[in-house]
Amino acid sequence: MIKEALGKDRIEQVIIGNIDGSKVETKQADALYIFIGAKPFTDWIGKEIIRNDKGFIETGRDAKSYDSFERIWKLKRDPYLLETSAHGIFAAGDVHANAMNQVASAVGEGSMAISFVHKYLAEV
Ligand SMILES: Cc1cc2nc3c(=O)[nH]c(=O)nc-3n(C[C@H](O)[C@H](O)[C@H](O)COP(=O)(O)OP(=O)(O)OC[C@H]3O[C@@H](n4cnc5c(N)ncnc54)[C@H](O)[C@@H]3O)c2cc1C
């Protein structure tokens with residue numbers, strides 16, 4: 001992680017180190033790009049919604065590759081696109097695994113999910 005940015009009139013160096021403080025080093029740098037939002041906050045979600053090892057929610061056929069899927073999924077059909085392993089619950093946007101991480105796709109998936117919600121409601 002970045003501990004400090006150094007420079008006179010512009011950025012010249014960054015001091016980076018491990019989160020536990022075990023290694024710290026100084027690197028020359030002409031620019032610093034901040035990348036936030038890569039960690040999903042999904043710890044509160046129940047185990048019936050399968051997540052990958054990074055916490056992103058598995059949807060559609062991808063969810064089927066998990067051992068726990070057979071135990072959780074009770075329907076004869078496969079999950080719809082964007083449907084989680086808990087039938088009738090959908091995930092769209094960055095929070096689902098293998099997302100495109102673009103505003104346009106997050107918005108598009110939101111409206112796609114709604115159409116699948118209607119399809120799901122028609123079958124229950
Ligand atoms: C630094 C950066 C630059 C980017 N630049 C671009 C770009 O130039 N072009 C582009 O197309 N995309 C860009 N993206 C990606 C784009 O921002 C995302 O793909 C998009 O915002 C995803 O939308 P989303 O609705 O899935 O998630 P988000 O926009 O992250 O929205 C999720 C929302 O849910 C809220 N939330 C989280 N947990 C809870 C909870 N428990 N209860 C209630 N609310 C909760 C969050 O606070 C947040 O408001 C960029 C992303 C980053 C991080």
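A polar contact is a pair of N or O atoms within 3.5 Å. Keep that cut-off in mind for the first view, and remember that this is a predicted model.

**View 1. Who sits around the ligand?**
Which residues surround the ligand? They are Ile34, Ile36, Trp44, Gly93, Asp94, Asn101, Gln102, Val103 and Ala106. Sorted by class, this shell holds five nonpolar residues, three polar ones and one charged one. Now zoom in on the oxygen atoms of the ligand. A polar side-chain atom of Gln102 lies 3.2 Å from a ligand oxygen, and a polar side-chain atom of Asp94 lies 2.8 Å from a ligand oxygen. Val103 joins in with its backbone instead: one of its polar backbone atoms is 2.9 Å from an oxygen of the ligand. On its own, the ligand has 990 Å² of accessible area, and the protein covers 36% of that.

**View 2. A nonpolar patch on the surface.**
Here, Ile2, Leu32, Ile34 and Ile36 make a nonpolar surface patch of about 440 Å². You've already met Ile34 and Ile36, since both are among the residues around the ligand. Leu32 belongs to the loop between β3 and α1. Is Leu32 buried or exposed? Something in between: its relative accessibility is 41%, so it counts as partly exposed.

**View 3. Arg61 reaches over to Asp78.**
Side chains of opposite charge can pair when their charged atoms come close. In this view, Arg61 and Asp78 form a salt bridge, with their closest N and O atoms 3.8 Å apart. Arg61 lies in the loop between β3 (24-28) and α1 (67-72), while Asp78 lies in the loop between α1 and α2, so the pair ties together parts that are 17 residues apart in sequence. Arg61 is exposed, because its relative accessible area is 64%. Asp78, at 29%, is partly exposed.

**View 4. Glu123 meets Arg77.**
This salt bridge brings together the side chains of Glu123 and Arg77, at 2.8 Å from N to O. What does the pair link? Distant parts of the chain: Glu123 is in helix α2 and Arg77 is in the loop between α1 and α2, with their positions 46 residues apart in the sequence. With 38% relative accessibility, Glu123 counts as partly exposed.

**View 5. A little network of charges.**
Lys23, Glu25 and Lys27 are joined into one network by salt bridges that share partners. Look at one of these links up close: the closest N and O atoms of Glu25 and Lys23 are 3.8 Å apart. Both of these residues are partly exposed, Glu25 at 30% relative accessibility and Lys23 at 48%. How many salt bridges turn up when the whole structure is searched? The search finds eight.

**View 6. Ser85, tucked away with two backbone partners.**
Ser85 is found in the loop between α1 and α2. Its relative accessible area is just 1%, and because buried means under 20%, Ser85 counts as buried. What lies by its side chain? A polar atom of the Ser85 side chain is 2.6 Å from the backbone oxygen of Glu48. There is also a polar side-chain atom of Ser85 at 2.9 Å from the backbone nitrogen of Ile50.

**View 7. Two residues with a positive phi.**
Most residues other than glycine have a negative phi. Leu82 goes the other way, with a phi near 70°. Asn98 isn't a glycine either, and its phi is positive too, at about 60°. Leu82 lies in the loop between α1 and α2, and the loop between α1 and α2 is also where you'll find Asn98. Which of the words buried or exposed fits each one? Leu82 is buried, with a relative accessible area of 5%, whereas Asn98 is exposed, with a relative accessibility of 62%.

**View 8. Ala122 out in helix α2.**
Ala122 is part of helix α2, which covers residues 103-123. Its relative accessibility is 67%, so Ala122 counts as exposed. Now find Lys39, which is 83 residues away from Ala122 along the chain. The C-alpha atoms of Ala122 and Lys39 are separated by 34 Å.

How values were computed
Residues are numbered from 1 along each chain as its sequence is written. This is a predicted model: local features need pLDDT of at least 70, side-chain atom pairs count only at pLDDT 80 or more; totals for chains, interfaces and linings use all residues. Side-chain values use heavy atoms; hydrogens and water are left out. Helices (H or I, at least four residues) and strands (E, at least two) are DSSP runs, numbered from the N terminus. Buried means under 20% relative accessible area, exposed over 50%, partly exposed in between (1.4 Å probe, protein chains only). A salt bridge is a side-chain nitrogen of Lys or Arg within 4 Å of a carboxyl oxygen of Asp or Glu. A residue is near a molecule or strand if one of its heavy atoms lies within 4 Å of it. A polar contact is a pair of N or O atoms within 3.5 Å; within protein, one must be able to donate a hydrogen and the other to accept it, and residues adjacent in sequence count only if both atoms are side-chain atoms. Accessible areas come from the Shrake-Rupley method with a 1.4 Å probe; for residues, only the protein chains shown count as cover. Ala, Val, Leu, Ile, Met, Phe, Trp, Tyr, Cys and Pro count as nonpolar, Asp, Glu, Lys and Arg as charged, and the others, Gly among them, as polar. Patches are made of residues with over 30% relative accessible area and no salt bridge: like charges are joined within 9 Å, nonpolar side chains (Val, Leu, Ile, Met, Phe, Trp, Tyr) within 5 Å.
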